[in-house]
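Good morning, and thank you for coming. I would ask you to look at the sequence and the model on the screen before I begin.

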Amino acid sequence: MKAYLKVRRLAWLLPAAVSLFIMLPPDVAAKKENVPPEKKFVLDWLAQPQTVERFGRISDVVWAYAELGMQEFKSSKLLADTLEAEGFTLERGAAGMPTCFVASYGSGRPVIGLLGEFDALPMLSQKGRVPKKDPLLEGAPGHGCGHNTMCTAAAAAAIALKQALAKFGLPGTIKVFGSPAEETIASRPYMVRAGLFKDIDVVIDNHSSTGLSTGYGRDGNAVFSVIFTFRGKTAHSAGAPWMGRSALDAVEVTNVAANFLREHLPPAHRLHYIILEGGEAPNVVPDKASVWYYIRNTDEEVEAMYSRVLDCAKAGALATGTELVGVRVLSAVHQRHANKSLAEMIQKNIELVGMPAWTEEENAFAKALQKELGKEEKGMPVEPGKLKEPETVFIGGGSSDVGEVTLVAPTATLSFPGQVPGAIGHHWSTVAANFGSTAWKGLNTGAKIIAATALDLLTDPRQLKKVRDEFTAYSLLHPYKPFLPADAQPPIDLNQELMKKWRDLMRAFYLDRDIQ
Ligand SMILES: [Zn+2]
């Protein structure tokens, strides 16, 4: 494997695919020779330096926009415009969310869906490829989860596939789902409810990572994201506090009750909150306060846990003589249930495409960042991972609204490289690493594997049937029932105030002058 990787490193420098073939050891050459012409065509198209650069620049532009969930107007438009210019039909503002889009190309079955996210995270502003904390703009948002590379990888794969469909006259449709606000798990339940995935045969999801891998089975927690709002009565906090009823007290009693509840929750739970409003001055009893909870557990346990936390909020109101005037469920999503047959197909293409070859400079940057973080200085990743099996003991963890999609269409997630091993998620170190050449190569590798897997599904009905049959059998055992209350509306106001505060200041760092 080491020798093969060395050759791949050299191959990166060679412009002609012919020379690449001569350089490869016999087993890899044989693997490449067996690649069908449609797949070879998309891999070659994506491997061109100008293609790597074109989508790399788009990723860097989205990185610099660093727009928070539901406010990704510029990022979403750039991706949608790029796909439209390539002949995709665009549905913008899909499922009632201005930054959600569906871009379609081709006709007939199968219909292959690609997911793409583009939202950033608050407070993570950081200069790209600087291996120490150094914000572009102190306190502003940043791409601390690599979503800038993810939407771009999906678009690059879709555009490569479009060309293969046209060139080889293949039947089938490619749909890119521009998915807002993944960081607040806020869009997919609404996209599913709007029927966007109704006729989709298979969905290929992707996520930026420190390695190259995929997996199957149940993963992550289900979650309810909910805001409780209380109404009390104002009064002078010193002059006549007995006249007041503090809404902040209601929030605090709710939190105390929820914290006692933890002891009695099933072990996979996670429970956390922030206080959104808690008054404006200590000398005025606050008549309005609100608290935002994430309530996480398995699909089986999460509804009961939500209802117990709701009881804590009711208790908070009762104990303080205030009123619980708002229970706003922003989103509610299931755990992820990735399709094994699809993950196996992705894994084969991971092994075919392999890890990108990193330059000395890229490894030096990775080592400098690892040193700064006190991690092992091992540079960029070398080998792709093995197919990940589901955990035998589930201990809970984060959530993704991709979970919702996995229950309405067979779905698996490709994790592609670009981030530095040891960099911390949702942290400045990940923002630093998601920009520039490693991000470009990582997303390009991701696009190749997504496109290659989609082509397998488009050209081999047996593999498509295997994926679909597994999904049908799973769905019979786990019929989809949304957790989202019927009256919930997409939280399109999310992050509005924050982006209003930052957007003008961030404009100075935009990189879109030379794009398109
Ligand atoms: Zn993410």
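Two rings of Phe, Tyr or Trp are taken as a pair if their centres lie within 6.5 Å. By that criterion, ring pairs join Phe224, Tyr306 and Phe483 into a cluster. Please bear in mind throughout that this is a predicted model.

Let me stay with the aromatic residues. How many aromatic pairs does a search of the whole structure find? The search returns 12. I shall present two of them, using the customary description. A pair of aromatic rings is described by the distance of the centres and the angle of the planes.

In the pair of Trp45 and Phe55, the ring centres are 6.3 Å apart and the planes stand at 65°, so this pair is edge-to-face. Trp45 belongs to helix α4 and Phe55 to helix α5, so the pair ties together parts that are 10 residues apart in sequence. Both Trp45 and Phe55 are buried.

The other pair is formed by Phe88 and Tyr105, and it is tilted, with 5.5 Å from centre to centre and 45° between the planes. Phe88 sits in the loop between α6 and β1, whereas Tyr105 is in strand β2, 17 residues apart, and the pair thus links distant parts of the chain. Are these two residues buried or partly exposed? Phe88 counts as buried, at 4% relative accessibility. Tyr105, with a relative accessible area of 21%, is partly exposed, because the limit for a buried residue is under 20%.

I turn now to the two helices that carry the pair of Trp45 and Phe55. In α4, the buried residues are Glu38, Lys39, Val42, Leu43, Trp45 and Leu46. Seen down the axis of α4, these buried residues fall within an arc of 165°, so they line one face of the helix. The general background is familiar: an α-helix has 3.6 residues a turn, so residues three or four places apart point the same way. Against what do the buried residues of α4 pack? Their partners are α5, α7, α11 and α15.

Helix α5, residues 49-65, has 17 residues, and its end C-alpha atoms are 24 Å apart, close to the 24 Å expected at 1.5 Å a residue. This helix is mostly covered, with 12 of its 17 residues buried. Among the buried residues are Thr51, Val52, Phe55, Gly56 and Ile58, and the list also includes Trp63, Ala64 and Tyr65. The elements that cover them include α4, α6, α7, α14, α15 and α17. Just after α5, Ala66 takes a positive phi of about 40°.

Helix α7 appears among the partners of α4 and also in the cover of α5. Its 22 residues should span 32 Å at 1.5 Å a residue, and the end C-alpha atoms are indeed 32 Å apart. Of those 22 residues, 19 are buried, so to speak of α7 as mostly covered follows from the count under the 20% limit. Just after α7, Gly169 has a positive phi, of about 60°.

This brings me to the interior. The largest nonpolar core has 85 residues, and those with the most contacts inside it are Leu83, Phe101, Ile112, Leu114, Ile174 and Leu457. Which helix gives the most to this core? That is α7, with 13 residues. Apart from this core lies another, of 58 residues, among them Val203, Ile227, Ala247 and Ile295. Leaving aside neighbours within four places in sequence, Ile174 is in contact with residues including Phe88, Tyr105, Ile112, Leu114 and Leu458. Ile174 therefore touches both members of the tilted pair, given that contact means heavy atoms within 4.5 Å.

Next, the metal site. The protein donors of the zinc ion are Cys145 through SG, His147 through NE2 and His207 through NE2, lying 2.2 to 2.3 Å from it. Along the chain, these donors follow the spacing C-x1-H-x59-H. Cys145 lies in the loop between β3 and α7 and His207 in strand β5, so the pair ties together parts that are 62 residues apart in sequence. Cys145 is buried, with a relative accessible area of 13%.

I close with Asp456, found in helix α15. Asp456 is buried, at a relative accessible area of 13%. Beyond residues up to four places away in sequence, Asp456 touches Lys39, Met345, Asn349 and Gln463. Of these, Lys39 has been named already as one of the buried residues of α4.

Definitions and conventions: Residues numbered from 1 in each chain as written. Predicted model: local features only at pLDDT ≥ 70, side-chain atom pairs only at ≥ 80, totals over all residues. Heavy atoms only, no water. Helix = DSSP H or I, 4+ residues; strand = E, 2+ residues; numbered from the N terminus. Expected span 1.5 Å × (residues − 1). Buried < 20%, exposed > 50% of the residue type's maximum accessible area, 1.4 Å probe, protein only. Donors = N, O, S within 2.8 Å, 3.2 Å for Na, K, Ca; no water. Arc of directions from axis to C-beta. Core = buried A, V, L, I, M, F, W, Y, C linked by side-chain atoms within 4.5 Å. Phe/Tyr/Trp six-rings, centres within 6.5 Å; stacked < 30°, edge-to-face > 60°.
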